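Biologist: Please choose one part of the model shown here and examine it closely for a first-year student. Please then go on to other places that deserve attention, and explain each term when it is first used.

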Amino acid sequence: MAGKEKVLLVEDDPHIGRIVCDHLRKEGFFVTWSTTGIEGWDDFKHEDYSLVLVDLMLPEMDGFSLCKKIRMESNVPILIVSAKNEDSSKINGLNIGADDYITKPFSLDELHARIHSHLRRYRRFINRHSQMHTFSDGLRVDEQTRTVYLYGKPVLLTVKEMELFLLMMKNPFKTFSKAELYEHVWQQEELNGNNTVTVHIKSIREKLNDHSKAAKFIQTVWGSGYRFIGEAIDEN
């Protein structure tokens, strides 16, 4: 039973979008249908989805860019559904984090089977992985409630600080440039001389008592940007 699991469909073809939406809703899913890459990213940021279906040839933001953004935020299954059948497109899509690649035209039976297969795997993954993350030096993060604790006391981060922190925490030891962080969190291109990210990182560090010269959580990679270096503790 699918229950009311939520699926995000990002498809600009109205005929295909309507057919897929109708099919999934008959299967018992709650479906959000976005018609551009930007709209899909905005919808993804404001809802908790169990699976995402993404076309590659989208207006405003292409499917590759959208998949990359989603994968930095979440382990949710991503299925690319595209008319592009070149091996290069399939390899690129899988390399940036998509879980499957379905070539148009496709049958609804095939789509149904692949969706349910990935959902089964994702449910097992969720059951095995707690949303509570524990690190050395007293840091605990409840991803579900978006709450950060330091030695048991809540750390009050602003919305943007929390988005920056969670993005880096969920991609440990990955170096993000200031431009990448700004574009991902503020969803617009960074302008020269903009120190918004620097100010927010400084504030997060102060609240976590994390000094840049002896960083425990957020490390400055000189000339490149920032990365999360917290030492995870397995409590299982």
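Modeller: The answer below begins with one helix, continues to a cavity and a pocket, and ends with some individual residues and a second helix.

This is a predicted model, in which local features need pLDDT of at least 70 and side-chain atom pairs count only at pLDDT 80 or more, while totals for chains, interfaces and linings use all residues. Residues are numbered from 1 along each chain as its sequence is written, and side-chain values use heavy atoms, with hydrogens and water left out.

The part chosen is helix 1, which covers residues 14–26. Helices (DSSP runs of H or I, at least four residues) and strands (runs of E, at least two) are numbered from the N terminus. Helix 1 contains 13 residues, and the distance from its first C-alpha to its last is 18 Å. That is close to the 18 Å expected at 1.5 Å a residue, where the expected span is 1.5 Å times one less than the number of residues.

At the N-terminal end of helix 1, D13 acts as a cap. A side-chain oxygen of D13 lies 2.9 Å from the backbone nitrogen of H15. After helix 1 comes G28, which has a positive phi near 100°.

Which residues of helix 1 are buried? They are G17, V20, C21, H23 and L24. These residues lie on the same side of helix 1, because they cover an arc of only 165° around the axis (the arc of the directions from the helix axis to the C-beta atoms). An α-helix has 3.6 residues a turn, so residues three or four places apart point the same way. The other side of helix 1 has P14, H15 and K26 as exposed residues. Here, buried means under 20% relative accessible area, exposed over 50%, and partly exposed in between (1.4 Å probe, protein chains only).

Helix 1 also takes part in a cavity lining. A search of the whole structure finds one cavity of 30 Å³ or more, and the largest cavity has a volume of about 50 Å³. On a 1 Å grid over the protein atoms alone, a cavity is a set of points where a 1.4 Å probe fits but cannot get out; a pocket is an open set with protein on both sides within 12 Å along at least five of seven lines; lining residues have an atom within 4 Å of a point. Points are joined across faces, edges and corners, and the volume is the space filled by probe spheres set on them.

The lining of the largest cavity includes I16 and V20, together with L9, V10, L53 and V54, among others. Strand 1 (6–10), helix 1 and strand 3 (51–54) are the elements that give two or more residues to this lining. By class, the lining of the largest cavity has nine nonpolar, no polar and two charged residues. Ala, Val, Leu, Ile, Met, Phe, Trp, Tyr, Cys and Pro count as nonpolar, Asp, Glu, Lys and Arg as charged, and the others, Gly among them, as polar.

The second largest pocket has a volume of about 220 Å³. Its lining divides into two nonpolar, two polar and five charged residues. Helix 3 (63–73) and helix 7 (178–186) each supply at least two of them, and helix 3 has the largest share, four residues. H184 is one of the lining residues and lies in helix 7. H184 counts as buried because its relative accessibility is 2%.

Some backbone details follow. K104 and P105 are joined by a cis peptide bond, with omega about -5°, and P105 is in the loop between strand 5 (100–103) and helix 5 (108–128). D137 has a positive phi near 65° without being a glycine; its loop runs between strand 6 (132–135) and strand 7 (139–142). Y151, also not a glycine, has a positive phi of about 50° and sits in the loop between strand 8 (147–150) and strand 9 (153–155). Y151 is exposed because its relative accessible area is 61%. Most residues other than glycine have a negative phi, and most peptide bonds are trans.

Finally, helix 6 (residues 159–169) is mostly covered, with nine of its eleven residues buried. Among them are L164, F165, L166 and L167.

Technical notes. Polar contact = N/O pair within 3.5 Å; in protein donor to acceptor, adjacent residues only side chain to side chain.
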